[in-house]
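Reader: I'm new to this one. Could you walk me through how to read it?

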Amino acid sequence: VGRGRLADDLSGLDDFTVIFRQQPKLSTGIHFGSRLVFDDEGHLFIALGENNQRPTAQELDKLQGKLVRIYPDGKVPDDNPFAATQEARPEIWSYGHRNQQGAAINPWSGKLWTHEHGPRGGDEINIPQSGRNYGWPLATHGINYGGQPIPEAEGKTVAGTEPPHHVWERSPGISGMAFYDAQRFPEWQHSLFIGALVDQSLIRLQLDGDRIAGEERLLKQLGARIRDVRVGPDGFLYLLTDSSSGQLLRVGLSAEP
C-alpha cells in the first residue's frame with residue numbers, strides 16, 4: 001500500500017511512498033484480496049487474502065489472511081490487539097480470513113464490515129472485532145473445488161472461532177460492497193450492495209440494524225461479472241464489470257433516467 005499527493009496539474013502523484021507491505025512474500029497469483037477502508041478515527045484497514053496458502057491465515061507471524069489496521073503514515077496503533085505480543089505481527093486486527101474482496105464502514109453503526117470468498121460454498125460476511133479468529137481454514141461452510149473436504153477443516157463452526165455474520169452455502173463469488181445511505185432512492189435506504197462474479201448479479205441485502213432481513217439479485221440480465229460497487233455523490237450506484245471489455249455502469253431505480 002502506498003500513498004502520494006495528486007500533482008497540482010493533475011498529471012500524476014507527488015512524493016509517492018510505500019507505507020505497508022504484506023509479509024512474508026508468498027503470493028501464488030490468487031487469493032490476494034485487498035480492500036482499503038478508512039474509519040472515522042483516522043485508521044486505515046487493509047483486508048488481505050491468504051495467497052492460497054491456507055495455514056497462514058491462522059499464523060500470527062504472517063500477514064496473509066488477515067485484516068490489518070494501521071495509520072495512514074504506516075505506523076501501528078498502540079491499541080492493536082497484538083501490538084505487544086511477541087512473534088505476532090502488530091499490524092493485525094483480526095485473522096482467519098480466506099480471500100477478502102469487500103470492505104466498507106457501516107454508516108449507521110460506524111462498524112467495519114468485510115466479506116470474503118469461501119472455497120466451493122461458504123462465501124461470508126463478517127463484522128471483524130479486535131483480535132478475533134474468523135476460522136479459515138479450520139471452520140468453513142465450503143469444500144475444495146474438486147469436491148473433497150478442506151484438509152484442515154474441523155466443521156462449519158469451531159470453538160474459539162467466530163461464525164460468519166452471514167453466509168451463502170452456494171457461493172455467488174462476492175466482490176465489492178457499499179452501504180446505501182444516499183437520499184436519491186429512499187427505497188434503497190439501509191441496503192448493502194455487493195457485486196457477484198459467479199452469479200453475475202448485483203446483490204441487495206436489506207438491513208434491520210445489523211440483521212440481514214432480506215436479499216434480492218439485480219441485473220442478472222446483463223450477464224456481467226460485477227467486481228466493485230460504489231455509491232456516487234449523486235446517489236446513483238457505480239459498478240465495475242470484470243472482463244476484457246469491462247465497463248463502468250451507472251445504476252438507479254427505473255423511475256430515474
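Author: Sure, let's begin with a term. A residue is buried when its relative accessible area is under 20%, exposed when that value is over 50%, and partly exposed in between. Keep in mind that this is a predicted model.

Reader: Okay, let me try that. Is Lys-220 buried, partly exposed or exposed?

Author: Lys-220 has 45% relative accessibility, so this residue counts as partly exposed.

Reader: And which residue forms a salt bridge with Lys-220?

Author: Here's the general idea: side chains of opposite charge can pair when their charged atoms come close. In this structure, Lys-220 pairs with Asp-199, and their closest N and O atoms are 3.2 Å apart. Lys-220 sits in the loop between strand 14 (211–218) and strand 15 (226–231), while Asp-199 is in the loop between strand 12 (191–196) and strand 13 (201–208), so this salt bridge ties together parts that are 21 residues apart in sequence. Asp-199 counts as buried because its relative accessibility is 12%.

Reader: How many salt bridges does a search of the whole structure find?

Author: The search turns up 18 of them. One of these joins the side chains of Arg-225 and Asp-242, at 3.5 Å from N to O. Arg-225 lies in the loop between strand 14 and strand 15, and Asp-242 in the loop between strand 16 (237–241) and strand 17 (248–251), so that pair ties together parts 17 residues apart in sequence. Arg-225, at 32% relative accessibility, counts as partly exposed, and so does Asp-242, at 26%.

Reader: Which residue does Asp-234 pair with?

Author: Asp-234 forms a salt bridge with Arg-250, with 3.5 Å between the closest N and O atoms. This pair links distant parts of the chain: Asp-234 is in the loop between strand 15 and strand 16, and Arg-250 is in strand 17, 16 residues apart. At 24% relative accessibility, Asp-234 counts as partly exposed.

Reader: Which residues are joined into one network by salt bridges that share partners?

Author: Asp-199, Glu-215, Arg-217 and Lys-220.

Reader: Let's turn to the surface. Which residues make the nonpolar patch?

Author: Leu-6, Leu-10, Leu-13, Phe-16 and Val-18 make a nonpolar surface patch of about 530 Å². Strand 2 (residues 13–18) gives the most to this patch, with 3 residues.

Reader: Where is Leu-10, and is Leu-10 buried or exposed?

Author: Leu-10 is in the loop between strand 1 (2–6) and strand 2. Its relative accessible area is 64%, so Leu-10 is exposed.

Definitions and conventions:
Residues are numbered from 1 along each chain as its sequence is written. This is a predicted model: local features need pLDDT of at least 70, side-chain atom pairs count only at pLDDT 80 or more; totals for chains, interfaces and linings use all residues. Side-chain values use heavy atoms; hydrogens and water are left out. Patches are made of residues with over 30% relative accessible area and no salt bridge: like charges are joined within 9 Å, nonpolar side chains (Val, Leu, Ile, Met, Phe, Trp, Tyr) within 5 Å. Accessible areas come from the Shrake-Rupley method with a 1.4 Å probe; for residues, only the protein chains shown count as cover. A salt bridge is a side-chain nitrogen of Lys or Arg within 4 Å of a carboxyl oxygen of Asp or Glu. Helices (H or I, at least four residues) and strands (E, at least two) are DSSP runs, numbered from the N terminus. Buried means under 20% relative accessible area, exposed over 50%, partly exposed in between (1.4 Å probe, protein chains only).
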